[in-house]
Amino acid sequence: MSRLHINEHNKQSTIAPEIYGHFSEHLGRCIYEGIYVGENSDIPNVNGMRTDVVEALKELKVPVLRWPGGCFADEYHWKDGIGPKETRKKMINTHWGGVVEDNSFGTHEFMELCRQIGCKTYINGNLGSGTVQEMSEWVEYMTFRGVSPMADERARNGHEEPWTVDFFGVGNENWGCGGNMTPEYYANEYRRYQTYVRNYDPEKPIQKVCCGANVDDYHWTEGVMKTCFDHTPEFLHGFMDFLSLHYYVHPEGWEIKGSSTDFDREVWYKTLNKALHMDELIRRHSAIMDQYDPEKKIGLSVDEWGSWYTCEPGTNPGFLYQQNTVRDALIAGITLNIFNKHSDRVRMAALAQMVNVLQSVLLTEGSQMIKTPTYYVMHMYRHHQGAALLESSLSDVEEIGVDGWKVPKVTESVSMDDEGFITVTLNNLSAEESEQVDIQLAERGYRVELARIVTHEDMHAHNTFDAPETVVEAEFTAYESTESGISVTMPKNSVVELRLVR
Ligand code: AHR
C-alpha cells in the first residue's frame with residue numbers, strides 16, 4: 001500500500017492552463033482531413049473545420065494551439081497561404097511524405113480554428129529559411145490595427161480586424177531541421193529576428209518563444225542562454241518569454257522506435273521509464289536557466305512531447321500515423337503529473353500532434369472520428385488548468401518493472417482550484433497488480449465529489465473505428481472514506497482522477 005500526503009494549506013505555483021496545450025502541424029492527415037475538410041465537404045463542417053473534431057476539442061478545454069510546425073514551420077512561407085484559395089501556391093511538403101501542400105489552410109483558417117475551439121494562438125515563425133522581413137510582416141499582417149501594407153492586405157483578404165497572437169515561436173528545432181545551427185549562431189539570429197516581432201497592441205503583448213533543446217542537449221541550453229544574455233541591456237529583458245524543450249518517448253530508441261500496439265511487458269516498463277525521464281530533463285534544463293534567470297521569469301515550453309512509434313503498417317511512413325493504447329494513457333498521465341509538479345518553470349506544453357499523427361487525442365477516417373485513451377486522460381486532467389499546485393508526496397511506493405527499466409508503482413499530482421476543489425491525479429504503472437493508495441490530507445472531512453478512471457485489463461487495448469469505446473473515461477467507484485482521508489484501490493494500468501471537497 002502507498003500513501004499520498006497532501007498539505008492543502010501549502011499552495012505552490014499556479015498550473016498554467018497552457019501546459020495542457022496541443023500542436024497542429026502540416027504533417028500527414030493532421031490538418032487536411034483531420035481538422036480541415038473545406039467548406040464543400042460532405043463531412044459536417046463550419047467554415048471548413050470538422051464539426052466533430054471541434055466539438056471534441058472544446059470538451060477538452062484546449063487552452064492553446066501551436067501551428068504550423070514543427071519542421072514544417074521553417075520552410076513555411078506564410079504569404080503562400082493567404083488570398084483566394086484558387087491562386088494559392090501548390091508546393092511540396094518536403095518534410096512529410098513529399099505530398100502536395102495546396103496552402104488551402106493558412107493564417108485565416110488557423111485563426112478561425114482557434115476561434116471555434118476558443119483557444120489561444122501560438123504561431124511558429126520561420127527563421128530557418130525565411131527572412132527577418134517576412135517574419136516581421138507576418139506579425140504586422142496578423143496583429144496591426146491601422147493603415148499599413150500588411151493590415152490593408154489582411155482587410156482585402158476579408159479580415160478587417162486584427163487577430164491576437166498570444167505566443168510566437170522564433171524558429172523550430174534550429175539545431176536540426178530548422179537550419180542545423182550551433183547554439184551561439186541560433187541565439188544571435190534569435191536576438192535579431194525577435195527584435196522585429198513587434199507588439200502592435202501593448203494591451204496584448206506577444207510572448208516570444210526561443211528555440212530550446214532536444215532532449216538532454218544541455219550544451220544547447222547553456223549556449224543559447226549565455227549568448228542571449230550576453231551584452232543584453234536591462235531594457236531588453238523580456239525579449240524571451242519562453243525557452244522550448246522537445247522530448248519524445250521512443251520505446252526502442254530513435255532508429256527502431258517500436259510498435260504502437262504490439263509490445264511485451266518489458267517494453268511497457270521501458271516506455272514508462274522513458275516517460276519518467278521528463279522529470280530529469282526539466283530539472284536539468286531549468287537549473288541552467290536558473291543561472292541566468294533565477295526568478296524564473298522565462299517559462300519552459302515543452303511544446304513537443306508524447307510517444308513516437310513506428311507508423312501503422314500500410315500507412316505512408318512520412319505521415320507518422322500511429323495508434324494509441326492504454327500505455328499512451330499512462331505516458332500522458334505520468335507526463336502531465338510531472339509538468340504540474342514543475343509548474344513554477346513549465347508554463348506551456350504541446351502534445352504532438354492533435355489529430356492523426358503521433359500521440360494524438362483524436363483519430364479520423366473519412367467521416368468517422370474516435371477519441372483515443374490519451375484524449376480521456378487530457379479530459380480528466382483539465383481540472384488542473386489554472387489551479388494551484390498543492391504540496392504532496394508519496395511514501396511506501398514500491399519500485400517495480402524489469403531489470404534496467406524500473407519505475408515507481410504510483411505517480412501523482414494535486415491541485416486546488418479557486419472554488420476549493422482539490423484535484424488528485426494518480427497513475428498505477430503496474431502491468432500486473434492493483435494498488436491501494438491511502439490519501440491523507442492535513443484536515444479531515446473531505447468527500448469525493450467526482451471520481452473517474454481510464455484503464456483496461458489488457459495493456460494493448462485501444463479504440464478502433466469498429467470498436468471506438470474499448471478504452472474510455474469511466475466512473476471510478478473503488479474508494480472509501482477513512483479517518484484521515486480516502487483510500488483508493490487502483491486497478492493495474494490505470495489513470496485515476498478524484499475531485500475532493502469539504
Ligand atoms: O513531430 C514531428 C517532428 O518532430 C516535428 O515536426 C519536429 O519539430 C520534431 O522533430
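**Figure 1. Met 289 and its neighbours in the predicted model.** Met 289 touches Thr 221, Met 225, Leu 243, Ile 298, Gly 299, Leu 300 and Arg 345, leaving aside residues up to four places away in sequence. This and every other view here comes from a predicted model. Met 289 is found in helix 8. With a relative accessible area of 0%, Met 289 is buried. To get a feeling for distance, you can look from Met 289 to Ala 474: they are 185 residues apart in sequence, and 41 Å separates them in space, C-alpha to C-alpha.

**Figure 2. Lys 270, a buried lysine in helix 8.** Here we stay with helix 8, which spans residues 265–292 and includes Lys 270. Is Lys 270 buried or exposed? Its relative accessible area is 14%, and because buried means under 20%, Lys 270 counts as buried. Around Lys 270 you can find Pro 251, Glu 252 and Trp 405, which it touches when residues up to four places away in sequence are not counted.

**Figure 3. Lys 296, a residue with positive phi.** Follow the chain onward to the loop between helix 8 and strand 12 (299–307), where Lys 296 lies. Most residues other than glycine have a negative phi. Phi of Lys 296, in contrast, is positive, near 55 degrees.

**Figure 4. Trp 67 and Phe 110, a stacked aromatic pair.** How many aromatic pairs does the model hold? The count comes to 25. Trp 67 and Phe 110 form one that is stacked, with 4.8 Å from centre to centre and 10 degrees between the planes. This pair links distant parts of the chain, as Trp 67 belongs to strand 5 (residues 64–67) and Phe 110 to helix 2 (residues 107–117), 43 residues apart. Trp 67 is buried, its relative accessible area being 0%. Phe 110 is buried too, with a value of 0%.

**Figure 5. The aromatic cluster that includes Trp 67 and Phe 110.** Step back from the stacked pair and a wider group of rings comes into view. Which residues form this aromatic cluster? They are Tyr 32, Tyr 36, Trp 67, Phe 72, Tyr 76, Trp 78, Phe 105, Phe 110, Trp 138, Tyr 141, Trp 163 and Phe 168.

**Figure 6. Two cis peptide bonds, from Trp 67 to Pro 68 and between Gly 69 and Gly 70.** Most peptide bonds are trans. The bond from Trp 67 to Pro 68 is cis, and its omega is near 5 degrees. Another cis peptide bond joins Gly 69 and Gly 70, with omega about 20 degrees. Pro 68 sits in the loop between strand 5 and strand 6 (91–92). Gly 70 is likewise placed in the loop between strand 5 and strand 6.

**Figure 7. Asn 103, buried and with a positive phi.** Asn 103 lies in the loop between strand 7 (100–101) and helix 2. Phi of Asn 103 is near 60 degrees, a positive value in a residue other than glycine. Is Asn 103 buried or exposed? Asn 103 is buried, with a relative accessible area of 0%.

**Figure 8. Helix 3 crossing helix 4.** Helix 3 covers residues 132–143 and helix 4 covers residues 149–156; their axes come within 7 Å and cross at roughly 50 degrees. That angle makes helix 3 oblique to helix 4. The crossing of these two helices is right-handed. On the helix 3 side, the contact is made by Glu 137, Glu 140, Tyr 141, Met 142 and Thr 143, while helix 4 brings Pro 149, Met 150, Ala 151, Glu 153 and Arg 154. Sorted by class, the contact has 5 nonpolar, 1 polar and 4 charged residues. Tyr 141 may look familiar, as it also belongs to the aromatic cluster.

**Figure 9. Helix 9 alongside helix 10.** In this last view, helix 9 (residues 326–341) and helix 10 (residues 373–381) have axes that come within 8 Å and cross at roughly 30 degrees. Why are they described as roughly parallel to each other? Angles under 35 degrees count as roughly parallel, so helix 9 and helix 10 earn that description. Helix 9 passes helix 10 in a right-handed crossing. Val 326, Asp 328, Ala 329, Ala 332, Gly 333, Leu 336, Asn 337 and Asn 340 of helix 9 meet Pro 373, Thr 374, Val 377, Met 378 and Tyr 381 of helix 10. By class, this contact has 8 nonpolar, 4 polar and 1 charged residues.

Technical notes: Residues numbered from 1 in each chain as written. Predicted model: local features only at pLDDT ≥ 70, side-chain atom pairs only at ≥ 80, totals over all residues. Heavy atoms only, no water. Axes fitted to C-alpha atoms, helices over the stretch in contact; angles between N-to-C directions. Helix = DSSP H or I, 4+ residues; strand = E, 2+ residues; numbered from the N terminus. Parallel < 35°, antiparallel > 145°, perpendicular 65-115°, else oblique. Left-handed = near helix turned anticlockwise from the far one by under 90°. Contact = heavy atoms within 4.5 Å. Nonpolar A, V, L, I, M, F, W, Y, C, P; charged D, E, K, R; others polar. Phe/Tyr/Trp six-rings, centres within 6.5 Å; stacked < 30°, edge-to-face > 60°. Buried < 20%, exposed > 50% of the residue type's maximum accessible area, 1.4 Å probe, protein only.
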